[in-house]
2 protein chains.
Amino acid sequence: MVMSPRILSRRPAAAAGICVRAIQKVAEEPCDRILKSPSLVSLDILDDWKTDRGSYDPPSVPDICQASWRIAEIIDGKMIAERIRSRIAEEVARMKQSVNGVPGLGVIKIGQRRDSETYVRNKIKACEEVGIRSLLVELPDDCREDEVLKALSRYNEDPSIHGILVQLPLPDHLKEERILNAVSLQKDVDGFNPLHIGNLAMRGREPLFIPCTPKGCIELLIRYGIGIAGSKAAVIGRSNIVGLPMFLLLQRHHATVSVVHAFTKNPEEITRDADIVVSAAGVPNLVRGSWLKPGAVVIDVGTHPIEDASQEHGYRLLGDVCYEEAVKVAGAITPVPGGVGPMTIAMLLSNALEAAKRTYGFSGPNLSGTYK
Amino acid sequence: MVMSPRILSRRPAAAAGICVRAIQKVAEEPCDRILKSPSLVSLDILDDWKTDRGSYDPPSVPDICQASWRIAEIIDGKMIAERIRSRIAEEVARMKQSVNGVPGLGVIKIGQRRDSETYVRNKIKACEEVGIRSLLVELPDDCREDEVLKALSRYNEDPSIHGILVQLPLPDHLKEERILNAVSLQKDVDGFNPLHIGNLAMRGREPLFIPCTPKGCIELLIRYGIGIAGSKAAVIGRSNIVGLPMFLLLQRHHATVSVVHAFTKNPEEITRDADIVVSAAGVPNLVRGSWLKPGAVVIDVGTHPIEDASQEHGYRLLGDVCYEEAVKVAGAITPVPGGVGPMTIAMLLSNALEAAKRTYGFSGPNLSGTYK
């Protein structure tokens, strides 16, 4: 019960310079695109430092990048993800009718880690539900690198496969870099190739794919009308697959971002100064209530199964954030489960649809677009 | 006089947790490699978050990444760059003797911007001094894209050219991305290709080249014994060529980094909290004394020519940092000129040498290596 989403009484949101509005209103907004997030290049604005007689006065953020601060208290990733998936399903149906093809996702799973089994099962199920065709290659824990590369090569050459997913983490004996780099750039729906990461980082560039978890977090912030541009953000963790691209994406959206990692002294001082805190440290309950500024927006990427005999499956999920404490301080927070997790899967489907659209030259309504 | 390097009285360095030692001592240290900066992969350490009963206690930074805090007050980039260039000259001579070849740098200059003319002249002169062969293609301000691409293609195919440099900024009608992306990855000594930036960003990866200015800043910090790992750093500016790669590089060295840009509210609050401030905003005198923590290390990337009839050339150079104010607060600071500028050129030579070594399969002493 403690971990499930619930509507809370109003928090002192004013402290973070934000105002609150009910989630239902946000959720019912008309949606003319599948995703609300704009292309990154459309966000590029000149860093016009304004100095007047030696004092510094920051320019105001152009409207193009600035949503108003209006947030709900529980950020319902499950509901938003369902909405996105339903739009993707419509698009896939339209694609099938129009070009007689559907997106195809090729998955490679190596070994039998319990968490990987669950993730892969959920992804394949989500594909089915929206009409995306999925293939699964399962390799044993002790498979050789050339076996993985051969399976990848088959997916790379298969014109009916538009996106390829290698479930991480890999067994220790396999070199992640060599394997991920073998995924065709055009099919790298996880966005992990360094070329995509470089294009995500650089002003004026647009990556073919943005990694799914950070993309899902941004989509949540935008859908909830949380102004990213001009805000102070803290990203906890700097992994290649979440923390790093999360920093890059928040910066492209004109947040002022600090990245906290395990060697940061007094991390709570940095997070306590942030309007938006994204935690992807991989440590259950790391972020306490005292780490947060009253009214801050908290995005919890952590998913840690903790044994609990009282639960149906024998475990419950904890996030990186100590939810019970954080809900008393934050202005808005993603629950675990039901926050970031479903969004990651929705973004994977969205990336796979995008890849297929490029291949088929099919131009449905924009997946994402610029603010009008 | 005001802008020239000078030895200052001791500053209250203790406030930044640092201790001071004389520059001469640092400068005379034995140097077994041309560069002191280690390979990035050698710095990769596990982010081992330590939580004990709910409170967070950061692990101490491993010795491998942690120099002790010992800094001088004026960071003499000119002297360090001369030292590096002299080592590069030795290596080039050894290369010539050993494989009968020298590094070759192909430069493309478009238009007649006065600053670009100066930069290109200085780079070519620096090449000559260390025995690197340089070629220069000068194109008119109104040249077409295909003319630039043709010149690039000639350099790409020329086996005697190991590094290619397109002087920026380009005239407005040319698209920077298309032109820079046409530089062969193996010859992109500026390190601006998104693949190099992605590899610079990602843990476990090593880019073929690191952009020269950030690389020069790190080399200065390391040479002066300034501990990067575990420190708080603020980077002012987020350009593709300095601010962004500077952030990425500081983070690979385990600093906790915040990136300040033009839309940051109260930037001085963030910089005042930093042990290391790198300013690459491109705004003269932006960073005032009040923006700095007493004892902080200040790296000033700005170079702004300001008309001044009293000077020999009719102008003097200003940095991003208000030097007169900053020297009264900082524990160490790079002067302008004579700080970062000469290091940028030295790193270009170093990258060109590295590129030639790869081509010739020539293994002299390491350009850079791991800490012992």
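I take buried to mean under 20% relative accessible area, exposed to mean over 50%, and partly exposed to mean in between (1.4 Å probe, protein chains only). With that rule I looked up Arg358(B): its relative accessible area is 39%, so Arg358(B) is partly exposed.

**Ground rules**

I note that this is a predicted model, where local features need pLDDT of at least 70, side-chain atom pairs count only at pLDDT 80 or more, and totals for chains, interfaces and linings use all residues. Residues are numbered from 1 along each chain as its sequence is written, chains are lettered from A and ligands numbered from 1 in the order in which they are written, and side-chain values use heavy atoms, with hydrogens and water left out.

**Chain A overall**

I took helices (H or I, at least four residues) and strands (E, at least two) as DSSP runs, numbered from the N terminus. Chain A has 11 helices and 14 strands. Of its 372 residues, 59% are buried. I then turned to contacts, meaning heavy atoms within 4.5 Å. Among the contacts in chain A with a separation of 6 or more, 74% join residues 24 or more positions apart. For surface I used accessible areas from the Shrake-Rupley method with a 1.4 Å probe; for residues, only the protein chains shown count as cover. Chain A exposes about 14,900 Å², and carbon and sulfur atoms supply 50% of that.

**The two copies**

I superposed the copies by least squares on the C-alpha atoms of residues with pLDDT of at least 70 in both. A turn of 180° and a shift of 0.0 Å along the axis lay chain A on chain B, with an RMSD of 0.0 Å. The two copies are thus related as by a two-fold rotation axis. I checked the interface too. Of the interface residues of chain A, 100% are also interface residues in chain B, so the copies meet through the same surface.

**Rings**

I paired rings of Phe, Tyr and Trp (its six-membered ring) if their centres lie within 6.5 Å; planes under 30 degrees apart count as stacked, over 60 as edge-to-face and the rest as tilted. The count over all chains is one aromatic pair. Phe247(A) and Phe247(B) have ring centres 3.9 Å apart and planes at 15°, so the pair is stacked. The pair crosses between chains, from helix H8 (residues 243-252) of chain A to helix H8 (residues 243-252) of chain B. Phe247(A) and Phe247(B) are both buried.

I also looked for a charge over a ring (NZ of Lys or CZ of Arg within 6 Å of the ring centre and within 35 degrees of the ring normal). In chain A, the charged end of Arg358(A) sits over the ring of Phe209(A), 4.9 Å from its centre. In chain B, the charged end of Arg358(B) sits over the ring of Phe209(B), 4.9 Å from its centre.

**Salt bridges**

I counted a salt bridge where a side-chain nitrogen of Lys or Arg is within 4 Å of a carboxyl oxygen of Asp or Glu. The whole structure holds 44 over all chains.

I returned to Arg358(B), which forms a salt bridge with Glu354(B) (3.8 Å, N to O). Both lie in helix H11 of chain B, four residues apart, about one turn of the helix. Glu354(B) is partly exposed at 23% relative accessibility.

Next came Arg252(A) and Asp44(A), which meet in a salt bridge (3.5 Å, N to O). Arg252(A) lies in helix H8 of chain A and Asp44(A) in the loop between helix H1 (23-27) and strand E2 (51-52), so the pair ties together parts that are 208 residues apart in sequence. Arg252(A) is buried at 5% relative accessible area, whereas Asp44(A) is partly exposed at 24%.

I closed this search with a network of salt bridges that links Asp47(A), Arg203(A) and Arg238(B).

**Two buried residues in chain B**

I found Met343(B) in helix H11 (residues 340-360). Met343(B) is buried, at 0% relative accessibility. Leaving aside neighbours within four places in sequence, its contacts include Gly77(B), Ile80(B) and Leu220(B). Glu82(B) is 261 residues from Met343(B) in sequence, yet 8.7 Å away in space, C-alpha to C-alpha.

I found Phe192(B) in the loop between H5 and helix H6 (194-201) of chain B. Phe192(B) is buried too, at 10% relative accessibility. Beyond neighbours within four places in sequence, Phe192(B) is in contact with residues including Met202(A), Leu168(B) and Pro211(B).
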